Amino acid sequence: MLRFFEPERLKYKFSIGCPNTMKILAFDRKKHVYQNDAFAELVKDAIRFFNGTPVLPLPPPETFFGAGVYALYYTGKNPLYKKYAELNRLSYGYPIYVGKAVPKGWRQSRISDSTGTQSRELHSRLREHSRSITVGEGLSIEDFSCRFVIFEEESSDMISTIEAALIKLNIPLWNTVLDGFGNHDPGKGRYEQAKSDWDVIHTGRAWAVKCNGLAKEKKIILANIESLFQGIG
C-alpha cells in the first residue's frame, strides 16, 4: 500500500512508469493560457448593442423582469460633475456609473436567468440607486438617465464579464475614484468601517452616517476627481 509519508517509494513508483500513474510534466505557461478570438468579438458585440439601447429616466417608468448590466448618465448642473454634463450634452456616451444585477441565487448556484426563474433584479437595482441619489447631498434624480441590457437564459452568465468590460472602457467616476455608490447597509455590528468616498461627498444615506471608521479627507477625494476628469474626453 502506498502511503503519503513515504516520498522515496512515491518517487520510485512514478519513475518506473506505472500504467495507472499520471505522468508529471514540467510547467509550461503556454499550456494554461486560454485564447479565443470569438469570445473577444462576442464581448465587443454585446458592448455595441449596449451602447445602442434607448436611454430612459432613472428609475425607468415601468417595472420589468430580468437581470443584466446598466449605466447611469449625469447631465445636471452640479459644478463637481460639469465635465459629464458637457460630454453628455449631445449624446449619452460617458456614464458616471456602471453596474450589474444578477439573477437571484446566481452567487450560490450559478442559476441562469430564464422565463421560469426571472425576477425584477435589474429594475429593483435601478430603483435602489434612485433612492441613494434622491437623499445624496448635491444631487437631483432629474439629472440622471440610464440605459441597460437584459441578459436571459445562457447569456446571463455574461453579466459580470460585460460589466467589467464597460468599466474598463469608460472608467466611470463612481466606479473608480469616487467609489461606494453601489454599497449596501453593512448591518448591525459592522459600522466600525469608514464611510465610502461617495458618502463623504454626498452625505445623506442614513446607514452611512452610522459608519464611524476613519474616512478619507474630502479635499483628497476632490483632487482625485479632478485628476480623473483630466483624462476623460
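A residue counts as buried when its relative accessible area is under 20%. In this predicted model, D199 has a relative accessibility of 3% and is therefore buried.

**Surroundings of D199**

D199 belongs to helix α7, which covers residues 197-201. Leaving aside residues up to four places away in sequence, D199 touches G180, R205, W207 and A208.

**Overall organisation**

Nine helices and four strands make up the secondary structure of the chain. Read from the N terminus, the order of these elements is α-α-β-β-α-β-α-α-β-α-α-α-α. The chain has 233 residues, of which 38% count as buried. Where contacts join residues at least 6 apart in sequence, 68% of them link residues at least 24 apart.

**Helix α2**

Helix α2 comprises 15 residues, 37-51. At 1.5 Å a residue, a span of 21 Å is expected for α2, and the 21 Å between its end C-alpha atoms agrees with this. The buried residues of the helix are V43, A46, I47 and F50. Viewed down the axis of α2, these buried residues lie within an arc of 100 degrees, so they line one face of the helix. D37, A38 and F49, on the other side of α2, are exposed.

At the start of the helix, a side-chain oxygen of N36 comes to within 2.8 Å of the backbone nitrogen of A38.

**Packing of α2**

Which elements do the buried residues of α2 pack against? Their partners are two strands and one helix, as listed below.

| Element packed against by the buried residues of α2 | Residues |
|---|---|
| β2 | 67-74 |
| β4 | 144-151 |
| α6 | 159-170 |

How are α2 and α6 oriented to each other? Their axes come within 10 Å and cross at roughly 75 degrees. Angles of 65 to 115 degrees count as roughly perpendicular, and α2 and α6 are therefore roughly perpendicular to each other. On the α2 side, the contact is made by F39, V43, A46, I47 and F50. The residues of α6 that take part are T161, I162, A165, L166 and L169.

V43, A46, I47 and F50 thus appear in two descriptions: they are the buried residues of α2, and they are among the residues of α2 that make the contact with α6.

Conventions: Residues are numbered from 1 along each chain as its sequence is written. This is a predicted model: local features need pLDDT of at least 70, side-chain atom pairs count only at pLDDT 80 or more; totals for chains, interfaces and linings use all residues. Side-chain values use heavy atoms; hydrogens and water are left out. The expected span of a helix is 1.5 Å times one less than its number of residues. Buried means under 20% relative accessible area, exposed over 50%, partly exposed in between (1.4 Å probe, protein chains only). The arc is that of the directions from the helix axis to the C-beta atoms. Contact means heavy atoms within 4.5 Å. A polar contact is a pair of N or O atoms within 3.5 Å; within protein, one must be able to donate a hydrogen and the other to accept it, and residues adjacent in sequence count only if both atoms are side-chain atoms. Axes are lines fitted to C-alpha atoms, for helices over the stretch in contact, and angles run from 0 to 180 degrees between N-to-C directions. Angles under 35 degrees count as roughly parallel, over 145 as roughly antiparallel, 65 to 115 as roughly perpendicular and the rest as oblique.
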